[in-house]
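Let's work through a few exercises together, with the structure open beside you. Try each task on your own before you read the solution.

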Amino acid sequence: MNPVRIGMLGCGFIGEFHALGLRYVREAVLTVGCDASEERRNAYAERFGCRPVGTLEELCAADDVDLVVVSVPNHLHHDAVIALARAGKAVACTKPLGRNADEAADMLRAVTEAGVFNAYLENVIFNPDLLRMRDMVVAGAIGRLTTVRAREGHSGPHAAHFWDAELAGGGALLDMASHGAEYARFLFGKDLAVTDVFAWGATLVHGERTTGEDNAMMIMRFADGRAAEVFGRMVMALGGSAVGDGLASAPPDDEPTLGVTVLAFGGLSKSDVRLVEFSSYGAMWKGMLNNEVDAAIASNISGQVKEVET
């Protein structure tokens, strides 16, 4: 079987993570790194052993690329995906897919009409701790799953363009709650439609830096009546439990932090309500920023089934 030849569109922060992850995919080989910055693409090519190109047009025409991983800032996703689809390239786009529903619909329409393989890249569902959580739920450790609660908080974006709400398409709801939304779908089942969504957001801490919301919450109701609560914060979330959602603080900018907590509620009977909780904090985000991917994946993983008083 011939390996899938990968072209990376964007040789920055996210493009590096994808390249590091591809080391563990035997059926894939990174052949091209595309970036507008000559210095960045050349450094990327030297590090990962691929060919550097400087434009999207060159990437679309590359005969040594089967699939392109879109790893550029949010405002560039739309045009890139449409151009790649029209060029006949398979395409996988980093979250969020689009900055709004219209952009996302355009992109989906383009890949569908072109008949190319397409994928939405969401990393959280592949975290070892959350994979373990799904295994426990599927195995019946908490009975029938009824509710999912997911929260992600960090001390602020790693790049300036995320602070620009127009370029990014939004704030904590789009950038962070999108992880929890996809994980809820992963637990409940991708075939179960979301029928209702309520969301709220406000700029409570970083008003001097962004017009986007730095705190957000969302409730998703699925077709069978079950629901997910999703929280996103550009301030660090400290602690978490089935009872309280933790505290929030704003640490210094030079101390990057991340907190992820997911809880799944279920019941073996009306009087036996249980939950499974997994949390990852601090060291994961710092390890990611330092490209210590293996250590970041393994850090701060814990999970247990708990009984809830009823």
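The exercises below start with the whole chain and then turn to single residues; keep in mind that the model is predicted.

**Exercise 1. The whole chain**

Task: Find how many helices and strands the chain has, and what share of its residues counts as buried.

Solution:
- Step 1. Start with the secondary structure: eleven helices and 15 strands make up the list.
- Step 2. Turn to burial: 48% of the 310 residues count as buried.
- Step 3. Look at the outside, where the accessible surface is about 14900 Å² and carbon and sulfur atoms account for 53% of that area.
- Step 4. Consider contacts between residues at least 6 apart in sequence: 64% of these join residues at least 24 apart.

**Exercise 2. How far to trust the coordinates**

Task: Work out over which residues pLDDT stays under 50.

Solution:
- Step 1. Take the overall value: the chain has a mean pLDDT of 83, with 77% of its residues at 70 or more.
- Step 2. Go to residues 281-289, where pLDDT stays under 50. The model has 34 contacts beyond four places in sequence for this stretch.
- Step 3. Move on to residues 291-310, another stretch with pLDDT under 50, with 50 such contacts in the model.
- Step 4. Apply the general caution: predicted coordinates should not be read in detail where pLDDT is low.

**Exercise 3. A covered helix**

Task: Decide whether helix H4 is mostly covered or mostly open, and name what covers its buried residues.

Solution:
- Step 1. Count the buried positions: in H4, residues 77-86, seven of the ten residues are buried, and the helix is mostly covered.
- Step 2. Name them: His77, His78, Ala80, Val81, Ile82, Leu84 and Ala85.
- Step 3. Look for the cover, which includes strands E1 (4-9), E4 (67-70) and E5 (90-94) along with helices H3 (56-61) and H5 (101-114).
- Step 4. Check what comes just after H4: glycine 88 has a positive phi of about 85°. For comparison, most residues other than glycine have a negative phi.

**Exercise 4. An unusual peptide bond**

Task: Find which residues a cis peptide bond joins.

Solution:
- Step 1. Recall the general expectation, which is that most peptide bonds are trans.
- Step 2. Check the bond between lysine 95 and proline 96: omega is about -10°, and the bond is cis.
- Step 3. Place proline 96 on the chain, in the loop between E5 and H5.

**Exercise 5. Two loop residues**

Task: Say whether aspartate 64 is buried or exposed, then do the same for glycine 49.

Solution:
- Step 1. Locate aspartate 64 in the loop between H3 and E4.
- Step 2. Compare its accessibility with the cut-off: buried means under 20%, and aspartate 64 has 19%, so it counts as buried.
- Step 3. List the contacts of aspartate 64 beyond four places in sequence: Arg5, Thr31, Val32 and Arg51. With arginine 51, there is a side-chain to side-chain polar contact of 2.9 Å.
- Step 4. Locate glycine 49 in the loop between helix H2 (38-48) and strand E3 (51-53). Exposed means over 50%, and glycine 49 has 63%, so it counts as exposed.
- Step 5. List the contacts of glycine 49 beyond four places in sequence: Leu30 and Tyr44.

**Exercise 6. Salt bridges**

Task: Take arginine 109 and aspartate 224 and find which residues each meets in a salt bridge.

Solution:
- Step 1. Begin with the total, 13 salt bridges.
- Step 2. Pair arginine 109 with aspartate 106, at 2.9 Å from N to O. These two are three residues apart in helix H5, so about one helical turn separates them.
- Step 3. Pair aspartate 224 with arginine 144, at 3.7 Å from N to O. Arginine 144 is in strand E7 and aspartate 224 is in the loop between strands E9 and E10, so the pair ties together parts 80 residues apart in sequence.
- Step 4. Add arginine 226, whose salt bridge with aspartate 224 has its closest N and O atoms 2.8 Å apart. Shared partners thus join Arg144, Asp224 and Arg226 into one network of salt bridges.
- Step 5. Compare burial: aspartate 224 is partly exposed at 36%, whereas arginine 226 is buried at 15%.

Methods: Residues are numbered from 1 along each chain as its sequence is written. Side-chain values use heavy atoms; hydrogens and water are left out. Helices (H or I, at least four residues) and strands (E, at least two) are DSSP runs, numbered from the N terminus. Buried means under 20% relative accessible area, exposed over 50%, partly exposed in between (1.4 Å probe, protein chains only). Contact means heavy atoms within 4.5 Å. Accessible areas come from the Shrake-Rupley method with a 1.4 Å probe; for residues, only the protein chains shown count as cover. A polar contact is a pair of N or O atoms within 3.5 Å; within protein, one must be able to donate a hydrogen and the other to accept it, and residues adjacent in sequence count only if both atoms are side-chain atoms. pLDDT is the predictor's confidence in each residue, from 0 to 100. A salt bridge is a side-chain nitrogen of Lys or Arg within 4 Å of a carboxyl oxygen of Asp or Glu.
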